[in-house]
Structures are given as structure tokens and as C-alpha cells.
Amino acid sequence: MPLHDGAPAAPRKKSAAPRVAALLVAAALVGGAAGLGGTYAGLNLWGGSSTTAAAGPSAITVNNPDDVNNTSAVAAKVVPSVVTISATGGSSGGTGSGVVLSSDGYVLTNTHVVTLDGQTGNATISVTTSDGKVYKATVVGTDPTYDLAVIKLEGASGLTPIEWADSSKLNVGDNTIAVGAPLDLPNTVTTGIVSALNRSIQVASSAAPSDGSDSQQDQGQGEGESPFRFDFGQGQQQQSASQTIKIAVIQTDAAINPGNSGGALVDSDGKLIGINVAIASAGGSSSGGQSGNIGVGFSIPSDIAKRISTEIIDNGSATHGLLGASVQDAASIQGATTTGAYVAEAQSGGAAASAGLAKGDVITKFNGVPITNSIDLTAQVRALAAGSKAEVTYNRNGQEKTVEVTLGSMPSN
């Protein structure tokens, strides 16, 4: 779904609504400072210098086997399928988590974990399993568009693969358990619920695709420099990322902190429902501190993660859908009467135009998922493979219409 910089922009109405103060930050690498400075809302990825490993339990501790609850049982089942990942490149380094996909060592994690958020394409990667074994690992492939990556442990065998759940069947209120290595504390287990579904977030990422197909007009943050920032090592702030990614996520209140990135979010049966990717923070610090969990975390749904990881293992990379339309928030258009994604331009020959979508249409649903703004639409389109068919509901001149769209293919870097 290319969002063209040169697309004709419809007039936007100004809003007096207060800005959300929370900052969405990726729960990624331990060891550096992460802060935005200022009072803007934004998205950020954790990064940092090399960390000192903390001693921790090699397995789930059960002191009273006669009084084991469901969480203990699930943790005992899942912990062997979650690993701690250490990545170093030059003077930078950090740790994250990963999920075991196969007994011979394929592991799923986040792109920003294994690339230090785009700082390096050849990081030295070390993986520690829950029983304390350490392996060297190489990157099989990365998918910066959805911030997922697959690595392969060298000489591994007999590992315990995670069991997949169907994330499309989740309900708000379902129990969740997050497993990973927050703050470099391996085999950490936290609990919560699914607090929201069909959520979409936008993350500034130095590893994001730079083909320009995912550019978007600034809507409400003001002109000039982006408020999204990264801090790496010793509190020295890197330059602002010029690209962003838009991803569909599960929202949970299970405690997720820096270092949980790439780890597992599982259901009450111990099956994978999501890959932990981001947290919300009440604020950032330019003085070198890192903000932690405040009760709002985000995970990439297992259905999306499974599709992308399978493509990476099979082909070395994953594909993503392309709608062929430049869109913006419908609520920002003068005279708007509904939320959604306003089509500012339908590219000739693209999927949107071929299905009959045109300038002025407001997309309100995508495969049944409510679309409240342009980020929602981009995230849902990107979640599907190239060539996928999707049902699009839109509003034209006050009338609701539905059409089937065959998505194009998002260009690769």
C-alpha cells in the first residue's frame, strides 16, 4: 500500500483534542538509554551497549509440587521453548528473547534484536537456552516490515519447539503469559490478559524498508523534526529514524520490559499467541534511564508471525501485500463524518484501482477488522502475503460498499 509523498492532500481540519502522553517503545535491547525528550507521543526501540549477564534460574522453580497452579504448569511447558539472545556489533550490543521453532535450532525473534535496530547487518549472535547451553547463531533472514527475524543455532538438536495457537480466535479478557529475558533476567514469567485486539501501532525504525512505499503524511505531530528518537549506549542519541513501520498487534497487560522483545506471549494452554515487540512508557529520559512496563504491552499475533517465519525459512525473506493507494486519516479531512482511511489517490493499475476504489472513498473495514485510521489499514495490508485476496468495506458518498481486492506485492529493499 504505497503512500506517495506527492499524493494530492485533501484539506485537513484541526483538532483541539489533547495529545496522548504515553510513549510506545519497543521492548528490545538491554543496556542503553532510551528516551525521546520533549512531550511528544512517539514510538521507540530500545538499544544499548553490551550487558553483563545476570545469574538466574535454569528452569521454573516449583517448591511445592502439591500446590501447582495453571501458570506454573504453563511456565514449565513454555520456558524450554524460549531463549535469550545476545547481539553485538562494534561497540554496540544488547539482549533480547527468542522462540524456538524447531528441534534443530530455528528461532524466531525481532529484527531490531538481531540488527541492533538496523545498526549492523552482521552482528555476532549468541543464544542461551533455558537449561544454560550457549550456541552461536546466524541470521536466516529478517523482515523489517513486521520487525520479525529468524536465526539458526549452530549444532543444536533436541530443542523444544513452541506450540502455535490461532490468534484469530482470541477474545479480550483471555489470560496471557509472557516469557522472556526482561532486563537480561532469563526465564522470567509474567501474567495478564488480552486487553485489546485489532490494535495497530507505528514504530520509528532504522531497520525499516527505505523504498518509500510506506511513507505517510504527518498528521498532528506538527511540522519539522520527528519526535521519535533512539538512544544507544552511554546515553548518546542517534539520529532520528527516517522510516516507520506499521504493525497489527495484540495488546496485553502482562508485564513486558526491555529484553522481552522476541519472546513468547502464550495462552492458558501454553500455546504461542504472539511475539512480544513493544511496550508503552509514560515517558522517556535523555539522561540515560530506561522506562519500564506500565501495564500496556504489544505482541505480533501468532498467525502473522507464523506466516512470516515460514516464508523466511523457506525463501530467506517474506512478502507483504500492497494496496496501491495513498491514504490518510479520514478524521483529519474537512467535513469528515466517520473515521477510517481516506483514499487520497488510487494508483493506476494498482490493487485498489483495479477493485474500483477511488479518491474520496473512506475504508472502514479490512477483512472484517475495523479501520479507524491510515495506520490500521497499512498494518492490516502488510500482515498479508503478496497476492492475497481481501474484503474491503468503504464509504462512498454516504453509502457503504464492499469489494474484493487482490493485493499486489510490496517492493523489497
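Is leucine 183 buried, partly exposed or exposed? In this predicted model, leucine 183 is partly exposed, with a relative accessible area of 45%, and the first of the views below returns to this residue.

**View A. Two residues with positive phi lie in the loop between strand 9 and strand 10.** Leucine 183 belongs to the loop that joins strand 9 (175-180) to strand 10, and although leucine 183 is not a glycine, its phi is positive, at about 55 degrees. Asparagine 187 is found in the loop between strand 9 and strand 10 as well, and this residue, which is not a glycine either, has a positive phi of about 60 degrees. The surroundings of the two can be read from their relative accessible areas: leucine 183, at 45%, is partly exposed, whereas asparagine 187, at 12%, is buried.

**View B. Strand 13 (residues 244-252) is largely enclosed by the rest of the structure.** Nine of the nine residues of strand 13 are buried, and therefore the strand is described as largely enclosed. In a regular strand the side chains alternate between the two faces of the sheet. Here both faces are covered, with Thr244, Lys246, Ala248, Ile250 and Thr252 buried on one side, and Ile245, Ile247, Val249 and Gln251 buried on the other.

**View C. Strand 13 pairs with strand 10 and is joined to strand 16.** Strand 10 (residues 188-204) runs antiparallel to strand 13, and the two are paired over eight bridges; within this part of the view, alanine 204 can be found opposite threonine 244 of strand 13. Strand 16 (residues 297-301) is also antiparallel to strand 13, to which three bridges join it, and here isoleucine 250 stands opposite serine 299 of strand 16. Strands of a sheet pair through backbone hydrogen bonds, either parallel or antiparallel.

**View D. Six strands form a closed barrel.** The order of the strands around the barrel is 3-4-5-8-7-6, and their pairing is antiparallel. On average, and with direction ignored, neighbouring strands of this sheet are turned by 40 degrees against each other. Helix 3 (residues 302-315) packs on the sheet, where it touches strand 5 (106-109), strand 7 and strand 8, and the direction of the helix makes about 50 degrees with that of strand 8. Strand 7 and strand 8 (residues 148-153) are themselves an antiparallel pair with six bridges, and one residue pair to look for is glycine 141 with its bridge partner in strand 8, valine 150.

**View E. Aspartate 143 is buried yet has no salt bridge.** Aspartate 143 is located in strand 7 (residues 134-143). The nearest side chain of opposite charge belongs to arginine 307, which is 6.4 Å away, while a salt bridge would require the charged atoms to be within 4 Å. What the side chain of aspartate 143 does make is a polar contact with the side chain of histidine 320, at 2.7 Å. When residues up to four places away in sequence are not counted, aspartate 143 touches Thr111, Leu148, Ile308, Ile312, Ala318 and His320.

**View F. The whole protein has five helices and 24 strands.** As a setting for the close-up views, 53% of the 413 residues of the protein count as buried. Among contacts between residues at least 6 apart in sequence, 69% join residues at least 24 apart.

Conventions:
Residues numbered from 1 in each chain as written. Predicted model: local features only at pLDDT ≥ 70, side-chain atom pairs only at ≥ 80, totals over all residues. Heavy atoms only, no water. Helix = DSSP H or I, 4+ residues; strand = E, 2+ residues; numbered from the N terminus. Buried < 20%, exposed > 50% of the residue type's maximum accessible area, 1.4 Å probe, protein only. Lys, Arg positive; Asp, Glu negative; His and termini not counted. Polar contact = N/O pair within 3.5 Å; in protein donor to acceptor, adjacent residues only side chain to side chain. Contact = heavy atoms within 4.5 Å. Pairing = 2+ DSSP bridges. Axes fitted to C-alpha atoms, helices over the stretch in contact; angles between N-to-C directions.
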